[in-house]
Amino acid sequence: MTLERFPPLPAHGAPGRRRLPFSPWHLFLAPVAAVMLVPLVWMVIVSLETEQQAQSFPPVLIPSGLHFSNYPAAWNAEPFANFFLNSALYAGAAMIGNLVFCSLAGYAFARIRFFGSNVLFVVFLATLMVPFQVLLIPTFLIVKDMGLIDSVGGLIMPNLCSAFGVFMLRQFFRTLPIELEEAARIDGTSRLGILVKIVLPLSMPALATLGIIQFVWSWNDFLWPLIIINTTTHAPIQLGLTTLQGAHNTQWNLVMAGTVMSLIPMLALFLLAQRWFIRSVAFTGIK
Amino acid sequence: MSAPATTLPSPRRQRVGAWRRIVTSEHLAGWLFVTPAAILIGVFAIVPIGWSLLLSFQSNNLLAPPHFIGLANYRALLHDPTFRQSIVHTVIYTVLFVPISVFGGLALAVALNRKIRFIRFYRLAVFVSLVTSTVATGFLFLWLLDPTFGLVNYALSLVGLPQQQFLQDPSQALYCIVAMTVWGWLGFDVIIYLAALQGVPADLLEAAEIDGASRFQTFRTIIVPLLGPTTLFLVVWSTINALQLFDEIYVTTRGGPLGSTTVIVYYLYQQAFQFFAAGYGAAIAYVLFVAILVITLIQLWLGRRRVYYTS
Amino acid sequence: MPGVTLEAVRKEFPGGTVAVDDLTLEVADGEFMILVGPSGCGKTTALRMIAGLETPSAGTIRIGERVVNDVPARDRDIAMVFQNYALYPHMTVRRNLAYPLRQRRVAKAEIARRVNEVAEMLGVETLLERRPAQLSGGQRQRVAMGRALVREPAVFLLDEPLSNLDAKLRVYTRASLKRLHARLGVTTIYVTHDQVEAMTLGHRIAVLADGRLQQLGAPQEVYDRPANAFVAGFIGSPPMNLLRGRAQGGRIETGGMSFERPGVGDRDVIVGVRPETLSPARDGLPALEFRVDVVEPLGDEVIVHGSVAAARAQTAALAGSDSDTQTGALALDDEGAGRSEAIARLDPLDRPTEGTTIRLGVDPADIHLFDPDSGTAIR
């Protein structure tokens with residue numbers, strides 16, 4: 001499924017009356033697009049202004065010079081290198097963990113008949129119904145008992161495997177033709193071998209979707225880091241941004257620069273992998 | 001002809017054979033595959049669910065040993081005016097956020113589902129806000145809505161309208177949060193609706209055209225009903241997310257001004273992690289859980305009777 | 001009741017594909033016109049232009065006296081039955097049938113009356129409260145027809161309505177369609193790729209290929225006097241045998257036979273012989289040397305597949321249409337490029353033995369000649 005195709009609309013290319021030289025839809029879409037883009041454009045503009053320009057009324061719409069110096073200033077004001085590293089570790093580990101563990105479990109539920117599998121799957125699904133806030137306090141206590149407070153490990157551990165991922169991959173694996181796996185079994189391949197050599201290569205779209213969903217979610221996660229991270233050394237990017245804003249809350253040019261920096265990785269992912277990004281969002285609706 | 005004599009294997013052989021059967025059996029393989037996920041989900045989801053319930057029956061300040069107080073936390077919630085206010089705020093927010101983002105999403109998806117010039121640009125403009133994290137969105141709007149230096153007040157002044165306090169005005173702050181989160185999430189609804197719109201068979205629309213339906217009638221009588229399952233999903237999904245609002249509140253108003261944006265989850269955060277009343281916080285969480293469950297079930301039940309599934 | 005006229009209609013799609021080229025056609029009031037041809041010949045595009053779902057790139061389309069090029073589909077007073085029926089899945093049969101009337105704000109009582117009348121006429125009155133998903137293919141087809149009929153349109157358009165039905169149902173529905181048309185007398189334009197439907201249903205048929213009209217006429221006429229090699233090979237089942245031959249000095253030679261045909265000149269020709277005109281050779285008749293390969297007994301006749309000593313006719317008009325039959329599904333002894341497959345229809349009493357070579361004769365009056373370059377018939 002790609003959103004690049006345009007389906008024929010009622011009587012597409014058919015006769016009708018046209019009063020304007022352009023489609024009237026532009027009158028609706030152009031203002032909406034403007035409203036959607038203005039905050040982001042403004043963010044970039046402010047990030048390039050001096051403190052005086054940012055703190056002036058009427059606001060400076062077009063700054064006289066481009067003060068790229070805000071960026072290194074923000075970078076150094078708070079340990080942004082740490083922020084990005086921690087986020088990368090957190091999101092990367094969560095993504096890999098999910099891909100590995102959810103594949104294993106998803107495959108087992110999809111293809112292996114084992115004792116208690118139905119009960120276990122229902123239990124997994126049931127956990128999806130419980131909002132994170134219910135798990136928040138006890139998870140905090142568990143991570144504390146593990147000694148992982150204020151560490152990236154503490155961020156990662158609860159997010160290594162999600163019931164959502166198990167469910168999603170199980171559903172997907174079931175759609176693959178079973179004959180391929182049966183042929184491999186007859187050839188003597190082990191169950192693990194079948195998963196790795198046959199099923200996973202065929203599951204790239206689902207794996208990419210799950211990977212992106214998990215990576216983006218972890219990158220943008222705020223509540224959990226807020227709870228367990230206390231120092232800027234171990235803070236991921238979203239938490240780090242609030243530290244920046246807290247310490248420099250009149251220097252909005254700096255804060256905006258920091259915000260732009262925090263968005264660059266996700267923006268890059270979006271622009272490069274637009275199809276996958278959109279597909280993974282649409283997927284949550286198709287399930 | 002007599003059948004060849006058969007002898008049973010020795011007892012030792014039988015035991016080894018049985019063990020071999022178990023070891024090479026599917027059951028072991030299945031459990032081996034599932035164990036990592038089971039442990040992780042067990043420790044980080046199942047145990048917390050139970051522990052949270054237990055906590056809600058305790059007085060626990062995360063430092064001293066907790067003691068059991070039965071339903072006292074829940075009874076206290078019933079009489080807690082701040083909690084009641086947080087429910088009101090959450091409901092107001094949800095009742096505004098869900099229809100605006102879902103039906104706005106539909107309207108935009110219909111507009112974006114055509115082949116006019118710049119359509120790629122328009123689509124990108126709508127999707128891009130999904131890239132922003134909740135924190136980034138909060139900052140963007142905090143600055144846009146700044147009473148003194150914000151762009152929005154500037155725009156108002158150009159048109160001759162009075163300046164507003166926005167996030168610093170107790171009567172306006174919550175509505176600003178609605179606007180902010182709609183901006184951040186609209187793209188999600190649009191993507192899902194766009195995918196659903198493209199799943200509507202083209203010949204149905206042509207048949208409706210020939211049957212005499214105008215574009216709008218086709219939309220109302222054919223497209224909207226066929227989008228029923230999608231709409232139901234988005235309403236349920238948006239409601240669940242709206243009831244759990246937290247990040248944007250923390251980043252912009254911290255529940256203020258004057259507690260006017262304290263929503264349920266924010267109140268939970270305050271109680272559990274600022275006042276260290278963990279048991280109380282757990283009780284709030286459970287109340288929220290039950291509320292979400294009940295509301296979702298009601299929505300699904302209402303939807304089932306109205307929504308037609310083509311399959 | 002108006003007829004439909006197409007004058008020099010052309011449809012070119014962005015990207016350069018010309019789906020319909022210079023099509024001129026007149027459907028008389030109350031006539032049942034069939035547009036027939038292989039996939040991609042432009043028949044569906046032509047139908048959609050008449051419906052108003054596509055705009056012609058050039059030319060005029062008239063319904064009655066009115067030029068409708070710029071008239072939207074809903075105002076043309078036409079009704080269409082789609083190949084996949086396009087029934088509204090979320091509505092009951094009754095609401096599906098009522099939909100066109102409700103869109104035109106017909107009074108409720110009148111809607112109910114017409115819906116019931118049409119439902120009875122098509123035999124779906126017991127299905128009115130069901131949804132399309134609960135109907136069989138044949139039932140869906142009838143509901144789709146009902147939805148078109150309920151409006152009592154001026155023109156009735158059908159896009160391969162029988163193609164999704166199984167063989168038995170198709171035969172039955174063909175007859176019902178014919179009866180329905182006889183009873184209602186609505187101008188009908190029907191698109192199909194099946195030449196059997198074309199022959200049995202239409203008052204006149206229009207054979208299309210590559211976007212162009214190949215021949216227009218009553219079914220029997222098109223069968224008896226095909227205008228070109230394409231029409232000759234397309235109409236008639238099993239298809240006409242088309243062989244390369246040579247005209248010289250007033251005689252034509254091909255496949256081991258020779259017969260008189262004056263006025264052709266000295267040139268290469270395509271010789272067309274219908275399988276049903278072949279019979280065991282008798283004195284005085286030109287005869288083909290026919291090597292029998294496969295014999296298919298059908299009860300009242302036998303179809304004999306074999307080969308003759310003549311090259312297969314290939315013209316520009318034939319290339320690209322149903323090439324499956326041209327490459328041949330039969331295995332033959334390869335004796336070089338000089339042989340090609342041929343088919344004969346014989347009486348069961350004359351059933352030949354596989355592997356033998358027989359001589360099959362044909363009346364010279366039944367032999368068709370075509371120009372090898374243009375495909376046009378030589379008379």
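Okay, let's start where two chains meet: H1(A) packs against helix H5 of chain B, residues 119-127, at an angle of about 40 degrees, and the two axes are 8 Å apart. Before I go on, please keep in mind that this is a predicted model. The crossing of H1(A) with H5(B) is left-handed. If you want to find it on the screen, look for A:Leu29, A:Ala33, A:Met36 and A:Leu37 on the H1(A) side, meeting B:Tyr122, B:Ala125 and B:Val126 on the H5(B) side. And what kinds of residues make up that contact? Seven nonpolar, no polar and no charged.

Let's zoom out to the whole A–B contact. On the chain A side there are 80 residues, in contact with 82 residues of chain B. Which element of chain A gives the most to that side? Helix H1 again, residues 25-47, with 13 residues. By type, the chain A side that touches chain B divides into 62 nonpolar residues, 15 polar and three charged.

Now the nonpolar core. The largest one has 274 residues, and the members that touch the most other members are A:Ala105, B:Ala37, B:Val126, B:Ile191, B:Ile284, C:Leu157 and C:Ile189. Helix H8 of chain B, residues 173-198, provides the largest share of this core, 18 residues. You've already met B:Val126: it's one of the H5(B) residues that meet H1(A).

B:Ile191 is worth a click too. Setting aside its neighbours within four places in sequence, B:Ile191 is in contact with A:Ile278, A:Val281 and A:Ala282 over in chain A, plus B:Phe127 in chain B.

Next, a helix pair inside chain A. Here we have H8, residues 163-174, and H11, residues 204-220, packing at about 165 degrees with axes 10 Å apart. So H8(A) is roughly antiparallel to H11(A); the cut-off for that label is an angle over 145 degrees. This time the crossing is right-handed. From H8(A) the residues are A:Gly165, A:Met168, A:Leu169 and A:Phe172, and they meet A:Ala206, A:Leu210 and A:Gln214 from H11(A). The split for this contact is five nonpolar, two polar and no charged.

On to chain C. How many helices and strands does chain C have? Nine helices and 20 strands. Its C-alpha trace spans about 75 × 45 × 35 Å along the principal axes. Out of 379 residues in chain C, 42% are buried. And if you take the contacts in chain C with a separation of 6 or more, 70% of them are between residues 24 or more positions apart.

Let me turn to some backbone details. A quick reminder: most residues other than glycine have a negative phi, and most peptide bonds are trans. Here are a few places to look at with that in mind.

In chain B, the peptide bond joining B:Gly256 and B:Pro257 is cis, with omega about -10 degrees. B:Pro257 sits in the loop between helix H12, 247-252, and helix H13, 264-274. B:Arg254 lies in that loop between H12 and H13 of chain B as well, and B:Arg254 has a positive phi, about 50 degrees, without being a glycine. Is B:Arg254 buried, exposed or partly exposed? It has 13 C-beta neighbours inside 10 Å, so it counts as partly exposed.

Chain C has a cis bond to show you too: C:Ser237 to C:Pro238, with omega about 0 degrees. C:Pro238 is in the loop between helix H8, 229-234, and strand E11, 241-248, of chain C.

There's a positive phi in chain C as well, at C:Asp210, near 50 degrees, and that residue isn't a glycine. C:Asp210 is found in the loop between strand E9, 204-209, and strand E10, 212-217. Why does C:Asp210 count as partly exposed? Because it has 19 other C-beta atoms within 10 Å, and the buried label needs 20 or more.

Last stop, C:Thr126, in the loop between helix H3, 108-122, and helix H4, 137-149, of chain C. C:Thr126 has 10 C-beta neighbours inside 10 Å, so it counts as exposed. Its C-alpha atom is separated by 9.9 Å from that of C:Val93, and those two residues are 33 apart along the chain.

That's my tour.

Conventions:
Residues numbered from 1 in each chain as written. Chains lettered and ligands numbered in written order. Predicted model: local features only at pLDDT ≥ 70, side-chain atom pairs only at ≥ 80, totals over all residues. Core = buried A, V, L, I, M, F, W, Y, C linked by C-beta atoms within 7 Å. Buried ≥ 20, exposed ≤ 12 C-beta atoms within 10 Å, placed from the backbone. Helix = DSSP H or I, 4+ residues; strand = E, 2+ residues; numbered from the N terminus. Contact = placed C-beta atoms within 7 Å. Nonpolar A, V, L, I, M, F, W, Y, C, P; charged D, E, K, R; others polar. Axes fitted to C-alpha atoms, helices over the stretch in contact; angles between N-to-C directions. Parallel < 35°, antiparallel > 145°, perpendicular 65-115°, else oblique. Left-handed = near helix turned anticlockwise from the far one by under 90°.
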